[in-house]
Amino acid sequence: MDALLAIRGVSRRFGGVAALANVSFAVPAGAIVGVIGPNGSGKTTLMNLVSGVDAPSGGEILFEGRPVQGRPVHRLARLGIARTFQHIRLVPQLTAAENVALALHEPEASLADTLLRLPRLSHIEGERRRQAVSLLERTGLDGAADRPAGDLSYGDRRRVEIARALATRPRLLLLDEPAAGMNATEKRALHALIAGFRADGITTVLVEHDMDLVMGVCDHLHVLNQGRAIASGPPAAVRHDPLVIEAYLGAEDA
Amino acid sequence: MSDLYAAYENVIDLCLLNAVLAFSCLLLLRVNLLSLATGGLMAIGAYLSIWLTMREGWPFGPALLAATGAGALAAAGLGTLVLRLRGDYFAMATLAFTEVVRILALNADPVTGGALGIFGIPKYTQTWQLLALLALAIYLVWALRRSSLGDRMRAIAEDELAVAAAGHDVARLQLGLFTASGAIAGLGGALAAHLNLFVAPSDFGFLRSMDAVIAPVLGGVWNLFGAVVGAAILTVLPEVLRFSAQLREILIGAVTLLAVLFLPTGIASLPRLLLRRGRLA
């Protein structure tokens, strides 16, 4: 029972279509696990099930040995499952630091502190800002703390989202295509950032199309195709798996 | 100045009352909730306060408190039932609530006087009370902005899933705000009841609920004074246009439509927009 996350026979049907069919795998604590597959293979559906955005039609999802499938998103976030989104979900009017602070839970001002403007409010808000800026520093965005998120480049917005996910102090971090829209320099920085999560005790599940990043940073890969897990193993082995090659080439033919 | 007040006291009181009610809807609009429950919640506060003061001999203060509590309680109950509905369905469910309360009021003759209404309600509501309440509402909205809670509300308006993924129970915050807005509506209903000599169930129907929602939209949901400006326009305009009933409805509709189309940030943001344009020119 060393697995932080165990997915057991999980299915998700939309009407008659099986987006995921009987998928099982385990994510050991401290690992960086990649989930790859052609478009429409069920990667994002899987992320939605693990993060509570959606509930499975069948099967079990265990986090630290406890079944968590079907629990609401905010509860799972407080349990230690954080995620970023394929389509960026930041609040464009708020600054980068304010977006990150949305996910901070300690310290938090009470309703009385806020409405009565008690003296300790400025202390609490100051501490929250300090934490938010330090998380932005970690993702390489210290200079952008006070800029509205809507003004940032695509790659920077992705990094604000990662900083916001880190603000919940996750034990499991789900990254949904974090490299999309990033240039080569940003991708290298992202690679280093993800590799660094291991040392912080954060387990990472990475859904990504950028094969250099996936092959470089992951310990283990799971390959989905049309909702089924077709292969798994270390990156070097998966890369040469005939089923995987066929799935990708087949997808390109279609 | 005092002559002016004497001549327009009624309109001023109505402006203040409508501004307070507009704030109760503004709180909800800021977290993506379009509620048409205002009329029904007002009716509960109004009839409770009338009953307590006229039948039970309560002083006005405790009756106002009771109306506030009743509004909050009714909203908490209603919210628990209907907050799981999204968007249009939520709006429809709150409208149904207002209609149910109105029809109950129409048929509860002993308490409400039925369709004929209640005459001879003592006028207890004073302008300063309304003014103080409005000042409190403005202060609370001011205190919310530039706070973590205000940022969270802003984020919910933009993207509820992002806030949930940040570990916040969005539904719980919405229920809290719905309850607070119910308290304001209940209190507003009691103040409205004791502002005139007469109250009938039709005073608290669909139109009442619509006005309370349109005011902050017209004035600007994200502007501190949006609710006040919107309520003032919606209250004064019909008085100015009293000479023609048809023109009144048409013009109010046209003003709202123009504001939504060309000033989506609200009429209260006009000075700042003009100032910016002046600086650029």
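**Burial, strand pairing and helix packing in a two-chain model**

A:Leu104 is buried, since 21 other C-beta atoms lie within 10 Å of its own and 20 or more suffice for that class. The model in which this environment is described is a predicted one. A:Leu104 is placed in the loop between H3 and H4 of chain A, and, when neighbours within four places in sequence are left aside, its contacts are A:Arg128, A:Gln131, A:Ala132 and A:Ala167. For one of these partners, A:Gln131, the C-alpha atom is separated from that of A:Leu104 by 8.2 Å, although the two residues are 27 residues apart along the chain. The loop between helix H3 (96-101) and helix H4 (111-116) of chain A also holds A:Pro107, and the peptide bond leading from A:Glu106 to A:Pro107 is cis, with omega near -5°.

Strand pairing in chain A was examined next. An open sheet is formed by 4 strands of chain A in the order E2-E1-E4-E5, with antiparallel pairing. Its edge strands, each of which pairs on one side only, are E2 and strand E5 (66-67) of chain A. Strand E1 (residues 3-14) of chain A runs antiparallel to E2(A) and is joined to it by 8 bridges; within this part of the sheet, A:Ala6 stands opposite A:Ala26 in E2(A). Strand E2 (residues 17-28) of chain A also contains A:Asn22, a residue that has a positive phi of about 50° although it is not a glycine. A:Asn22 is partly exposed, because the 14 other C-beta atoms within 10 Å of its own fall between the limit of 12 or fewer for exposed residues and that of 20 or more for buried ones.

A hairpin is formed elsewhere in chain A by E9(A) and E10(A), with 2 residues between the strands. The two strands pair in the antiparallel sense over 5 bridges, and A:Leu224 stands opposite A:Ala229 in E10(A). The place of A:Gln226 is in the loop between strand E9 (220-225) and strand E10 (228-233) of chain A; A:Gln226, too, is not a glycine and yet has a positive phi of about 50°. With 17 C-beta neighbours inside 10 Å, A:Gln226 counts as partly exposed.

The contact between the chains draws 25 residues from chain A and 21 residues from chain B. On the side of chain B that touches chain A, the elements giving two or more residues are helix H6 (127-144), helix H7 (148-158) and helix H8 (160-165) of chain B, and H7(B) gives the most, with 7 residues. By residue class, this side of chain B divides into 11 nonpolar, 4 polar and 6 charged residues. Within H7(B), the buried residues are B:Ser148, B:Asp151, B:Arg152, B:Met153, B:Arg154, B:Ala155 and B:Ile156. The cover over these buried residues includes elements of both chains, namely H3 and helix H5 (120-138) of chain A together with H6, H8 and H9 of chain B.

Helix packing within chain B is described here by two pairs that share H9(B). In the pair formed by helix H1 (residues 2-29) of chain B and helix H9 (residues 170-193) of chain B, the axes come within 9 Å and cross at roughly 165°. The angle makes H1(B) roughly antiparallel to H9(B), and the crossing of these helices is left-handed. Among the residues that make the contact are B:Leu17, B:Val20, B:Leu21 and B:Phe23 of H1(B) and B:Leu177, B:Phe178, B:Ile184 and B:Leu191 of H9(B). The residues of this contact divide into 14 nonpolar, 3 polar and no charged.

In the second pair, the axes of helix H3 (residues 60-82) of chain B and H9(B) come within 7 Å and cross at roughly 140°, and the crossing of H3(B) and H9(B) is right-handed. The residues of H3(B) that meet H9(B) include B:Ala63, B:Leu64, B:Ala67, B:Gly71 and B:Gly79, while those contributed by H9(B) include B:Leu175, B:Phe178, B:Gly182, B:Gly186 and B:Ala190. For the contact of H3(B) with H9(B), the residues divide into 14 nonpolar, 9 polar and no charged.

Methods: Residues numbered from 1 in each chain as written. Chains lettered and ligands numbered in written order. Predicted model: local features only at pLDDT ≥ 70, side-chain atom pairs only at ≥ 80, totals over all residues. Axes fitted to C-alpha atoms, helices over the stretch in contact; angles between N-to-C directions. Parallel < 35°, antiparallel > 145°, perpendicular 65-115°, else oblique. Left-handed = near helix turned anticlockwise from the far one by under 90°. Contact = placed C-beta atoms within 7 Å. Nonpolar A, V, L, I, M, F, W, Y, C, P; charged D, E, K, R; others polar. Pairing = 2+ DSSP bridges.
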